[in-house]
Amino acid sequence: MGGISPVLLLGGGLLVVGVLIAFLIESSTRTNEDGEPVQKKSLREWFATGVGQAADRKLSKDSRGIELKTMLEVSGWKLRPAEFLAIIGGVSLLVGLAAGVLQGALLGMIAVGFGPVVGWAYLKIKVGKAKAAFEEQLPETLQLLAGSLRAGMSFVQALSAVGHEAPAPTKEELRKVLTENRLGRSVTSSLRDVVRRMDSSDFDWVVAAVEVHQEVGGNLADVLERVAATIRARNRVKGQVKALSAEGRLSGVILALLPPGVFLIMYSSNRDYAERLLTETTGQLILAAASALVLMGSVVLHRMARFRF
């Protein structure tokens with residue numbers, strides 16, 4: 001009897017996983033012993049009532065878990081840290097299984113190892129985009145706040161009005177501030193949390209202006225308009241620097257990805273030739289040296305093309 005085709009084995013495994021997930025996600029109703037309809041638990045509810053709660057409690061006590069929770073909030077993903085890690089782990093295992101069946105165990109292990117790296121990198125990209133959008137929206141937000149204050153609103157009322165009109169992610173951040181304020185927390189403390197989540201030095205100026213206004217008084221609308229004008233000027237300079245340094249940043253990314261990409265192509269097309277780098281001592285030393293040089297070059301290029309304001 002001939003062996004089972006790897007593609008058939010992979011397809012069967014994915015089919016079993018898909019059926020299991022479909023069963024867990026299914027939200028149709030069933031009846032209990034009294035004939036009353038009972039809602040089935042979704043996958044998220046099933047996860048939350050078991051290992052998810054234990055994992056969240058563990059992560060909430062760890063600095064990296066707190067950082068991951070903050071990043072998920074900023075990115076806009078409605079996921080808890082344990083759910084994010086479970087999704088990344090599951091996808092990595094599936095991709096590793098596919099690569100292992102089709103290309104061999106070594107490539108499968110490499111794919112499993114790269115899965116979390118890719119997931120974390122994608123989350124960092126989402127967070128970076130959210131922070132950049134917040135910075136870009138800040139001058140318009142301050143202008144709306146100043147206009148609301150000139151119309152006779154209090155600062156909290158102005159935040160509420162702007163929170164209904166501002167786009168994401170500014171809308172979500174202002175709503176968090178207002179929700180915490182209704183629960184009894186001071187506005188400035190909540191705004192300081194926004195500065196921490198968004199890592200925004202420009203918004204730090206705004207919070208400092210609000211704190212000074214609460215202590216000594218003054219025309220907050222004028223202060224906010226001046227801060228908005230300053231931020232617009234800084235943003236113009238940032239845009240010019242970003243455009244001038246785009247070539248250097250792109251070169252750094254391409255040069256960092258080129259060596260591992262060439263190796264993967266070589267391993268797929270001529271495995272016997274590439275495996276000598278992995279099995280022989282000389283090849284392992286060459287790979288270690290090349291990896292160190294690529295890492296050093298990537299760091300240098302990244303710092304050369306990165307400007308802090």
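**Exercise 1.** In this predicted model, decide whether L97 counts as buried, partly exposed or exposed, and place the residue in its surroundings.

*Solution.* Begin with the cut-offs, by which a residue is buried under 20% relative accessible area and exposed over 50%, with partly exposed in between. L97 has a relative accessibility of 41%, so it counts as partly exposed. The residue belongs to helix α5, which covers residues 81-103, and its C-alpha atom is separated by 6.1 Å from that of G108, which lies 11 residues further apart along the chain.

**Exercise 2.** Work out whether the distance between the end C-alpha atoms of α8 agrees or disagrees with its number of residues, and then find where its buried residues lie around the axis.

*Solution.* With 13 residues at 1.5 Å a residue, α8 should span 18 Å, and because its end C-alpha atoms are 19 Å apart, the two values agree. The buried residues of this helix include T170, E173, L174, V177 and L178. They cover an arc of only 135 degrees around the axis, and therefore lie on the same side of α8. In general, an α-helix has 3.6 residues a turn, so residues three or four places apart point the same way. Among the elements that cover the buried residues of α8 are α6, α7 and α9.

**Exercise 3.** Identify which helix gives the most to the largest nonpolar core, and describe the contacts of L142.

*Solution.* The largest nonpolar core has 38 residues, and L142, L159, F203 and L224 have the most contacts inside it. The helix that gives the most is α6, with 9 residues. Leaving aside residues up to four places away in sequence, L142 touches V206, L224, V227, A228 and I231.

Terms used
Residues are numbered from 1 along each chain as its sequence is written. This is a predicted model: local features need pLDDT of at least 70, side-chain atom pairs count only at pLDDT 80 or more; totals for chains, interfaces and linings use all residues. Side-chain values use heavy atoms; hydrogens and water are left out. Helices (H or I, at least four residues) and strands (E, at least two) are DSSP runs, numbered from the N terminus. Buried means under 20% relative accessible area, exposed over 50%, partly exposed in between (1.4 Å probe, protein chains only). A nonpolar core is a set of buried Ala, Val, Leu, Ile, Met, Phe, Trp, Tyr and Cys residues joined through side-chain atoms within 4.5 Å. Contact means heavy atoms within 4.5 Å. The expected span of a helix is 1.5 Å times one less than its number of residues. The arc is that of the directions from the helix axis to the C-beta atoms.
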